[in-house]
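Welcome! Take a moment to look over the sequence and turn the model around before reading on.

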Amino acid sequence: MTVQTQFPFSAVVGQDDLRLALLLNAVSPAVGGVLVRGEKGTAKSTAVRALTALLPAVEVVPGCRFSCAPTAPDPGCPDGPHEAAQGAARPARMVELPIGASEDRLVGALDIERALAEGVKAFEPGLLADAHRGILYVDEVNLLHDHLVDVLLDAAAMGASYVEREGVSVRHAARFLLVGTMNPEEGELRPQLLDRFGLTVEVAASREPRQRVEVVRRRLAYEDDPAGFAARWADEEAAVRSRVVAARALLPQVRLGDAAMLRIAAVCAGFEVDGMRADIVMARTAVALAAWAGRTEVRKEDVRQAALLALPHRRRRNPFDAPGLDEEKLDRILDEFPDEEPEPEPEPEGPGDGDGDGPDGGGDGGPDGGGVPPQGGGHEESGPPDAADAPEAPAAPEQPEAPAPEEPAPAAAGAPEQAPVRAAEPFRTRMLSVPGLGEGAAGRRSRARTAHGRTTGSQRPRGQLGKLHLAATVQAAAPHQRARGRSGPGLVLRRDDLRQATREGREGNLVLFVVDASGSMAARQRMGAVKGAVLSLLLDAYQRRDKVGLITFRGSAAELALPPTSSVDTAAARLELLPTGGRTPLAAGLLKAHEVLRIERLRDPSRRPLLVVVTDGRATAGPDAVGLAGRAARLLAAGGTASVVVDCESGPVRLGLAGRLAADLGGTAVTLDGLRADAIAGLVKDVRTHEFSHSNRRAA
């Protein structure tokens with residue numbers, strides 16, 4: 001089998017922060033890994049996969065499938081105990097975890113049939129065992145299923161993996177460097193997993209034409225002749241590799257003084273970071289920065305750079321907060337503490353610090369050693385630009401572009417568009433759920449048959465056995481023991497005896513918002529309250545792992561402002577910029593929702609929708625607007641769509657139109673005030689009751 005030649009790490013154009021963060025983890029794995037956030041096509045995966053070529057070889061016990069170190073083997077290793085023996089060197093591994101992997105593929109598989117019948121622990125190691133003492137890489141980590149995230153969190157916290165199947169357990173060491181890449185447009189990470197990444201880096205494509213040309217040139221050269229391209233960069237790769245080895249050797253000698261420790265504590269306190277993990281990661285990162293620069297003393301610039309890498313993802317309080325740090329505030333905090341008097345030491349000129357050019361006229365083979373590269377600089381993959389063409393500083397990062405919305409609907413004549421209104425403060429909402437029992441992706445909203453949750457029964461396995469239902473298996477095998485010639489204590493099992501547990505948990509849904517942005521909603525206080533309510537529901541959708549979509553209607557038509565996505569913060573940004581004005585084409589909004597849901601059912605038939613219509617119920621666009629809206633609502637109800645109408649009508653005189661709309665939809669209506677968690681204890685019951693009664697009417 002042909003082994004693919006990796007793109008050289010030193011040939012990646014720019015991306016100073018990304019390369020520096022990866023190299024710091026190579027110098028000191030205790031830093032805790034890297035999360036790389038950015039738009040597609042920005043060399044995220046290329047740089048991560050290229051890192052393994054720079055890591056030192058690993059000494060392992062020969063024949064051990066769990067990569068035990070010969071000097072300190074794991075006493076609980078399933079392949080042990082290991083006697084003192086000469087170790088064998090092998091290259092460092094980077095193990096990739098696919099987002100669709102099964103739990104058995106991640107933690108390993110135990111042969112339950114042999115364990116029950118023969119008492120043998122036949123264990124096949126998983127990806128966690130392969131990644132021990134290496135790198136575990138998860139591309140699109142924000143799309144990883146929740147149950148795999150839970151396993152990763154447990155392994156990262158304990159440094160070990162436990163596999164348990166009906167009382168039979170296997171444990172092995174699992175200490176790895178966790179590296180993840182993600183596109184924020186596709187959704188955010190759970191806070192628990194986010195905090196497990198030591199450092200985070202935001203990357204974006206360069207907007208400088210000459211650097212973009214260099215990216216294309218080097219990428220084409222690599223694709224034409226991967227081996228030849230790698231050979232031209234071999235000297236640069238060797239220089240960076242040597243520097244990593246030297247920095248690792250220097251690391252134990254680096255002193256973290258009292259002034260540096262005070263600065264770290266003050267920065268973490270000043271930015272109100274939760275817990276103490278940020279302080280520890282910053283300290284380890286600052287020490288690694290000093291070692292990378294060839295110094296034995298941590299300086300203020302090391303602490304500053306460590307903060308820029310370790311804190312942005314830890315200061316977010318909700319998914320709508322933009323990542324990043326206020327650098328002026330950071331500098332003010334750092335300046336409050338005087339420098340210690342360091343002993344004079346010569347500034348070393350390590351590999352990559354001199355004036356030598358890389359192949360093809362490239363400038364630097366890696367981030368500068370004393371180096372505090374500009375935060376957030378980002379360029380496409382493939383290599384350093386020609387020295388004459390390179391700008392003095394990388395381009396500032398830009399926020400990832402969200403999916404392009406459809407063209408906005410024109411406002412009605414004589415009703416000018418009003419400026420967007422700021423959303424009111426979000427609040428905690430009560431849970432809205434879809435009736436019945438689904439089979440969608442794991443989440444936290446509606447009841448569903450899932451791989452995890454409480455056991456509700458058993459069934460014959462279809463394909464590979466999942467969670468064994470022990471009692472049902474024994475019950476199925478017991479009547480046949482005499483016929484099978486059982487003579488010992490072991491149970492004589494056949495494949496047909498095995499029973500798999502059926503489980504009930506929660507699923508994520510598609511929450512589609514249909515928001516009235518017409519002139520009847522245009523009062524500033526009222527629209528602010530409406531936006532605050534929708535923002536609250538978006539936050540709830542984020543916490544329950546839903547997909548969300550946003551439709552707005554005003555003027556004479558409806559607009560799909562955000563196609564269904566997992567990026568709740570993108571939906572919040574679109575909502576903030578929502579203008580108001582014009583007539584109320586309610587029917588158009590409902591028909592647009594019907595079309596979006598029809599397409600989504602084809603794309604993801606197992607994900608059940610929940611329609612949330614935010615309106616006062618008025619319909620004023622065109623002749624018989626109210627009748628058209630009623631027919632559109634009944635069309636949605638006929639398709640079995642679970643619906644909630646948020647009634648935005650205010651004032652002493654109320655027409656009750658939102659309630660009529662909810663009746664046509666077969667759903668329930670709730671006021672803006674009733675959305676609050678302390679005000680709608682019966683709302684979930686109402687949703688289910690309306691759905692049940694509407695189903696009975698259709699059946700009759």
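The report below walks through confidence, two strand pairings, a helix and the nonpolar cores.

## How confident is the model?

This is a predicted model, so a look at its confidence is a good place to begin. The chain has a mean pLDDT of 79, and 80% of its residues reach 70 or more.

Two stretches call for some care. Over residues 348–358, pLDDT stays under 50, and the model has 16 contacts for them beyond four places in sequence. Residues 680–692 also stay under 50, with 25 contacts beyond four places in sequence.

## A parallel pair

Start with strand β1, which covers residues 34–38 and pairs with β11 in the parallel sense, over five bridges. To find a spot where they meet, look for Gly38, whose bridge partner in β11 is Val203.

Is β11 mostly covered or mostly open? This strand, at residues 199–203, is mostly covered, with four of its five residues buried.

## A sheet of three strands

Further along the chain is an open sheet of three strands in the order β12-β14-β13, and the pairing is antiparallel. The edges are held by β12 (442–450) and β13 (454–459); each has a single partner strand, so one side of each has no neighbour in the sheet. From one strand to the next, the twist averages 35°.

Six bridges join β12 to β14 (residues 500–507) in the antiparallel sense. Within this pairing, Ala448 stands opposite Gly505 in β14.

## Helix α12

Now turn to helix α12, at residues 277–292. How far apart are its end C-alpha atoms? They are 22 Å apart, which agrees with the expected span, because 16 residues at 1.5 Å a residue should also span 22 Å.

Most of α12 is covered: 13 of its 16 residues are buried. Just after the helix comes Gly294, which takes a positive phi of about 85°.

## The nonpolar cores

In soluble globular proteins, nonpolar side chains tend to be buried together. Here the largest nonpolar core has 62 residues. Those with the most contacts inside this core include Leu22, Val267, Phe271, Met282, Trp292, Val298 and Leu311. Which helix gives the most to this core? That is α12, with 11 residues.

Another core lies apart from the largest one and has 39 residues. Val511, Ala541, Val644 and Leu672 are among them.

Conventions
Residues numbered from 1 in each chain as written. Heavy atoms only, no water. Buried < 20%, exposed > 50% of the residue type's maximum accessible area, 1.4 Å probe, protein only. Helix = DSSP H or I, 4+ residues; strand = E, 2+ residues; numbered from the N terminus. Pairing = 2+ DSSP bridges. pLDDT = per-residue confidence, 0-100. Contact = heavy atoms within 4.5 Å. Axes fitted to C-alpha atoms, helices over the stretch in contact; angles between N-to-C directions. Expected span 1.5 Å × (residues − 1). Core = buried A, V, L, I, M, F, W, Y, C linked by side-chain atoms within 4.5 Å.
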